Amino acid sequence: MQTSIRSNLVLLFFLFFSLHLFCQIHIKIVNIETNLPVDKAFIYNESNSLLGFTNAEGMITLDSNINKIIIRVDGYLPKIEMIGKLDKTIYLFKKIKKKNDPKAVSILKKVWENSSKNNVDHLNAYKFDSYVKFTLDMPSDSVTYINHPKRKLDTLNNKLKGFLEKSMVFIGERTMLYEYDKKYGKKAIVTAYKAGGFSNPQFFNFSIAKSMVNDYPEMLKPRETQGTISRLVDSVYINNRKTYVIYTYSHGKSEAQFYKNLTVFVDSESYALVKLIGNNSKISNIYYEITYAPYEGIWYTEDEYMKTEILSSNFIKKINKLLPKGLHSITRLTTTATIDSHVTNFTNDVSYTANDFKGYEYVISKEVSHNADEKISALRDDSLTHREATTYNELYRISKEYKLEPKLRFLRKLTEGDLELGFFNFDIYSIFSHNLYESFRYQLGGHTNHKFSKNTRIGGYIAKGTRDEEVKGGADVTFFVNKHQGGELSIKAETDVLPVGRTKIKYLTPKDELTAKTNNIYNGDYFSYRKVELSYQQDFLKNIDITFAVDFQRQRVNFHYKFKDYDESTWFNYVNTAIRLRYAPNVKYIESNNGKYTLQDKPPYYYFTYAKSWKLFENSTGIHRLYLSALYTFLSKLGKTEIIGNIGATFGDTPIINSFEGNGVAKHGNSIWGRFAFKGFQSFETMRPSSFFSDRFISFQFTHHFRPLRVSEFKSLHFAVLYNGLIGWMPNKDVHSLFEFDVPKDYYQEVGFEANKLLLGLVGVGVYARLGAYKVGNLDQNMSIKLTMEL
């Protein structure tokens, strides 16, 4: 009996001892010039508490829960270092040298030159399983306990501290299957996920982030290494292969600060990356640990670990100033987010067919919720800690108690312009608008959601303006077919009004549609239409969205205008066929049981429309209409540049309804303050609505947003400059009468300067001036001052 008890105690001791060792990190401090260990280097934590000092071998052992250390030793410059999961060597300087080591630079250059050859995509095909864990943590000592709480706020503070003593702020895990074929492309399938407190994968999109298994790290690309110093500090053997050790750094504002601080391990034969350890904090402080494994002539990412500081210490001070007097809960910065991933079962012993890669690159498996715990446990490279496991239980309890998931879904829908009530989503962005034809327009409408049906959507709206007598409305039914390629078959009936000559863009985001509401505020030249349309939309080649449409439409101008010899009140009748195309090479979608969701959305975007109107009825004209638009954005050290180009052409005589209007949004006024108004969306700020029309046109819009200029802890200035140009032609202007307008044949141009986000982080002011051929009178008559709004 005693022997059994003694054995169990010994077993428990060794178990505790092994767990303790596992939770430790071994740090070696080295002189970068001599590569000799530095002993008696004092190591402090973020609160300047002494953790210990290095021994004669330059070694110190630390707990893995330490986020950052400060190193001080006589004769050397102090240094701040992030701590992760891996043991690491830290190099100290007696004096910073800003001269590169030519051999180190040559090695890094060869790494870049050989990156495609060493990349996994060099194989004809492969597949692997991936596991990712995401955590958000704030240790309990970040919050001060309030003795004898007197207020609800005090009690809430202490509950937060109690929560943090046993739980993280958040935890989530996911497993994925990645597949690749050089001929057919890539596939990433979410096979299981767990998100603390949530059951809907839409709240856990970061779990579907692309692995760096086939990405060269951004911080080592040639454009990123400019201005950094690289030195060859050692050669070691990893995987029984000689490996160069290169230290690259960029010194910061203080002696202890390094914007870039990376140790790069490079295979001496293939010049492939073997390991990368360090941080890049020029923009935000991100710490990396990435290890690679060789496989049949290539190298794949085996493990990734990233740790990011969410808030700055200055931000913590701001929060404490804003807290009620006597309550200073957050005492120091320890909030961090980590992403820990592991690749397993990597193999190229696979063969695929085109059918394996149908649909989108990212897919949530239909079996994602089946045996999720078992699938995740099977791919973990280590079990969860007690605190991580407790986090799941605590977050699940809190989510159910406060009904967090429905509330978050409700808020997410609001940002998309939808008010979700049961099985119906109301369109809140269209409830109210204004134009000079209808005056104030009120609209109520929306569409059903997946709770009503996963295969059908029914929508509709009704609208009324305060000035005109016409009641507007519409209804549509959409059938989701061929879901893996986003197929939608729609039937729509509508009676409404639109500004004359404006091209209705099909693919605007909810944010764009809200911003574009300002385009019609000062426009009063509208036409009425009645329309019945049948359309089919589908994604082709994953990044090309094509819509085929046929409609019957009746149109009538609602102002004093005459086309040829037709009566002013004539209704024109058209049968139209159209093809609309959107090509967005950088947009990525994820396919789920409830349809597709956008996972990544960024320019460039290309839009193309070709429409043919058939002369089949009385009061009809046969025309061809082409429209092409492109949007590009470029990032640089100076900020973000946005360029929009538009080309349009109408062939055949048609009422001015189907010509191209200049998209002017300026308010009519006799003085600069009389023209004070709102800025439009992709518009001309000094051009009045309905003042310029053309049958063929080219326009160009250039906007550059300078990098924010920080003027205080709370405030940054956001400046932008813009230039817009338009030229157009109308061969048969004489077919239009009783309505005065110009054709921009002499090139219309304007410039502008904006100070954005001055009020509430949304509202700013812009000054715009007309230049060139259409400049009139004095400077005041060519200028407009407008409110800007950036959502």
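**Getting to know A611, a sheet and a patch**

Student: Which residues is A611 in contact with, leaving aside its neighbours within four places in sequence?

Tutor: A611 touches T577, A578, I623, H624 and R625, where contact means heavy atoms within 4.5 Å. This is a predicted model, in which local features need pLDDT of at least 70, side-chain atom pairs count only at pLDDT 80 or more, and totals for chains, interfaces and linings use all residues. Residues are numbered from 1 along each chain as its sequence is written, and side-chain values use heavy atoms, with hydrogens and water left out.

Student: How far apart are A611 and T577 in sequence and in space?

Tutor: In sequence, 34 residues separate A611 and T577, yet their C-alpha atoms lie 5.7 Å apart. Across the chain, residues 24 or more positions apart make up 62% of the contacts with a separation of 6 or more.

Student: Why does A611 count as buried or exposed?

Tutor: Buried means under 20% relative accessible area, exposed over 50%, and partly exposed in between (1.4 Å probe, protein chains only). The relative accessible area of A611 is 17%, so A611 is buried. Of the chain's 791 residues, 48% count as buried too.

Student: Why is L626 called partly exposed?

Tutor: L626 has 30% relative accessibility, and therefore counts as partly exposed. L626 sits in strand 33, whereas A611 belongs to strand 32 (residues 605-614). Strands (E, at least two residues) and helices (H or I, at least four) are DSSP runs, numbered from the N terminus; the chain has 10 helices and 44 strands.

Student: What makes the nonpolar surface patch?

Tutor: F608, L626, L628, I647, F651, I698 and W729 make this patch of about 590 Å². Strand 33 (623-636) and strand 34 (639-651) are the elements that each give two or more residues. Patch residues have over 30% relative accessible area and no salt bridge (Lys or Arg side-chain nitrogen within 4 Å of an Asp or Glu carboxyl oxygen); like charges are joined within 9 Å, and nonpolar side chains (Val, Leu, Ile, Met, Phe, Trp, Tyr) within 5 Å.

Student: How do you know that strand 2 and strand 5 pair?

Tutor: Two strands pair if DSSP finds at least two bridges between them. Strand 2 (residues 42-44) and strand 5 (residues 68-72) have three bridges, so by that rule they pair, in the antiparallel sense. I43, for one, has I71 in strand 5 as its bridge partner.

Student: What order do the strands of the open sheet have?

Tutor: The four strands run in the order 3-2-5-6, with antiparallel pairing. Strand 3 (50-53) and strand 6 (79-82) are called edge strands, as each pairs on one side only.

Technical notes: Areas by Shrake-Rupley, 256 points an atom, 1.4 Å probe, with all protein chains shown as cover.
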